[in-house]
Amino acid sequence: MSGKEKAYDSPTRKDWIRTFYTFAYISLLILIIVSGIIRYFQAPASYVEESKQEQSSKSDEKAKDSSAIEKDPTATSLVLKPLAESPKAKIIFEHVGYFLILLFIFILIPIPLLSVKRFKFMTLEVERESQAIEVAKNLTIQQDKFGLLSYWLKEDFKSLILEVERDNTSYKDFLEEMLFYMRDHYKNNWDSHFEFDIVTETKFKKNYSVPKLVKKSLPTAKVKGIGLPINKENDRYIHFKNFMIHTIHAEENLLTEEECFITYVIVLKSYRTIFDEYDGHLVSGLASLTYELYRRYHTSLAIQEEEDVESEEEIK
């Protein structure tokens, strides 16, 4: 993958801005909660700032009004007045106000919402209108993938590949060129970008750098027989990659007498492209087709060499 293509697939400035805003919102929310808890437990149960003189001057008035309050209590005297005079209640209301302001800013600058299909808070609901369009687009792409596989199986395409790949001597070289073709088709037709590697099973297990979950999925991929998608849990995690792995057991050195069977692991990886079973079938079909073309090519070379030897002997 070229530097330009890799930069496209990597997190962009917009992704970093979204990450910053999300981090800022979460940090402010935690700060509001922690501040509220600390201030709540540090606040006194009631204000005791009145001086003794003020208490004595008001004691007579309270004594006069106490009988009236006891006889005819109201909601204001029983609920609202104690809440208004309670420092703890004021702290709670103050931090609820901070939370509502933060929520308003979150809605006003909805950068984190760009990766959220639906957001709902109480009676407020925001839903992306492009969701249905994305679903229809994905269905079309999935149909196109089967069409691409059908095109690969045509003899015209096979003949074209054999003409282009006549200088390649190993199956890995054939496979690499076919994966380049697949990568370019994804980029040009579906605006999907990915990188790929072809490594031996031994290197994949020991020295290849991928997450542990991907390495642990190798036995499952071998049993499944088609490309195995291993996507990140949430596509909003822009700094993690999606993976797909597929294994194929191939015979190298077809033109020599020594047998050399190698198990290759094909690894597709992308920050943005989400792999599915359709991609798995496509990679599996591509690997099998490449092996067929590789064997056909070298078989034709062997036949050509035998014919050349026979013609030379006849001339002699």
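**Exercise 1.** Which residue of strand 6 does I198 stand opposite?

*Solution.* Before starting, note that this is a predicted model, where local features need pLDDT of at least 70, side-chain atom pairs count only at pLDDT 80 or more, and totals for chains, interfaces and linings use all residues. Residues are numbered from 1 along each chain as its sequence is written, and side-chain values use heavy atoms, leaving out hydrogens and water.

Step 1: Strands (E, at least two residues) and helices (H or I, at least four) are DSSP runs, numbered from the N terminus. Two strands pair if DSSP finds at least two bridges between them.
Step 2: Strand 3 (residues 195-200) runs antiparallel to strand 6, and six bridges join them.
Step 3: Opposite I198 stands I266.

**Exercise 2.** Find the other pairing of strand 6 with strand 5, then decide: is strand 6 largely enclosed or not?

*Solution.*
Step 1: Strand 5 (residues 242-252) pairs with strand 6 over 11 bridges, in the antiparallel sense. Here M244 has L268 as its bridge partner.
Step 2: Buried means under 20% relative accessible area, exposed over 50%, partly exposed in between (1.4 Å probe, protein chains only).
Step 3: Strand 6 (residues 260-270) is largely enclosed by the rest of the structure, because eight of its 11 residues are buried.

**Exercise 3.** Which residues does L175 touch?

*Solution.*
Step 1: Contact means heavy atoms within 4.5 Å.
Step 2: Leaving out residues up to four places away in sequence, L175 touches I198, I266, L286, A287 and T290. You met I198 and I266 in Exercise 1, facing each other.
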